[in-house]
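Q: Could you take me through one part of this model up close? I'd like to see what surrounds it and how its side chains fit in.

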Amino acid sequence: MSEFKVLIEQLNSSENIKENEEKILGVLDEEFDIAIFPELFYSGYLHRDYINLRTLDPNFLGAVMKDIGERLIVFGAPVKDRFLYNSAVAVTENNFKVYRKMHLPNFGPFEEKRYFKRGTSPLTLDFKGLRIGIQICYDLFFQDTLEKGLDMIINISASPFTSYPYFVKTFPARAIENQSFLAYVNVAGLQRNLVFWGGSRVLDPDGNEIFSLQKFEESSGSVVISTDSLEMARRKRRVQEEAV
């Protein structure tokens, strides 16, 4: 059996990027195995034509890698690599990987296709034997963003309240069909004219909610997940085909 302490940071972004950087660096003084921040936390979500001016600073990334130790931090940021991508940055000691959002919403208040290029492939991390799939917000509704054999799904989000009923119906389905933990971390609060509903939570492989934070309010908390839960869920009912 292995246990992992997961730190959920349900926060709103500041207009000042340095303040957002300080919040990410601040958790390095806390005890955790995995710390998770929301979608585009580094920059804020609604900067539209100015988002090119708020991309991830490599020097900041180096500062996180320097002090993180044997832990994992996942946070959202605009990352420029020829094109601009809405990205999840997964940082471990002396290393980082970037997941580029594959499904960009372009309806209602969303205009992501105007500013970002679509990612084309899933990202799976192996962290201390835990296979983790990374998603960003709207990716939750598309199974092609996840590879098979996952132990945990991390979905970082900037979901306004209008999307709330769709997300809460989908969370248990994703956990059950992948027989994995699901950690969902959303923005909480107001950015310009959008209200983000928070409601971050962790579900077990049976789709049961084992941790949650309040809606609309910035907060943080932690939960310990155990690989025992994965083994028990898979013994009771296997929903993924075993390798031949």
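In β12, which residue is the bridge partner of L182?

A: It's L203: that residue in β12 is the bridge partner of L182. Keep in mind that we're looking at a predicted model. L182 belongs to strand β9, so let's stay with that strand, which covers residues 181-186.

Start with how covered β9 is: 6 of its 6 residues are buried. Now look at which way the side chains go. F181, A183 and V185 point one way from β9, while L182, Y184 and N186 point the other way. Whichever way they point, all of them are buried.

Next, meet the neighbours. With β12 (residues 201-203), β9 pairs in the antiparallel sense, over 3 bridges. β9 also pairs with β8 (residues 152-157), but here the sense is parallel and there are 6 bridges. To find one of the matched positions, pick out N155: its bridge partner in β9 is Y184. How does the chain get from β8 to β9? It crosses through helix α4 (residues 164-178), and this β-α-β crossover is right-handed.

Hang on to Y184, and let's turn to the rings. The structure holds 17 aromatic pairs. One of them joins F161 and Y164: the ring centres are 5.6 Å apart and the planes make an angle of 15 degrees, so this pair counts as stacked. F161 is partly exposed, at 40% relative accessible area. Y164 is partly exposed too, at 23%.

Y184 has a pair with F167, also 5.6 Å centre to centre, but with 40 degrees between the planes, and this one is tilted. The angle is what sets the label here, because planes under 30 degrees apart count as stacked and those over 60 as edge-to-face, with the rest called tilted. F167 sits in helix α4 and Y184 in strand β9, so their pair ties together parts that are 17 residues apart in sequence. Unlike the partly exposed F161 and Y164, both F167 and Y184 are buried.

Now zoom out a little. Y184 is part of one aromatic cluster, whose members include F161, Y164 and F167. Also among them are F107, F110, Y138 and W197. When you go back to the 3D view, try starting at Y184: follow its bridge to N155, then its ring pair with F167.

Technical notes. Residues are numbered from 1 along each chain as its sequence is written. This is a predicted model: local features need pLDDT of at least 70, side-chain atom pairs count only at pLDDT 80 or more; totals for chains, interfaces and linings use all residues. Side-chain values use heavy atoms; hydrogens and water are left out. Buried means under 20% relative accessible area, exposed over 50%, partly exposed in between (1.4 Å probe, protein chains only). Helices (H or I, at least four residues) and strands (E, at least two) are DSSP runs, numbered from the N terminus. Two strands pair if DSSP finds at least two bridges between them. A crossover is right-handed if, with the strands pointing away from the viewer, the path from the first strand over the helix to the second runs clockwise. Rings of Phe, Tyr and Trp (its six-membered ring) pair if their centres lie within 6.5 Å; planes under 30 degrees apart count as stacked, over 60 as edge-to-face and the rest as tilted.
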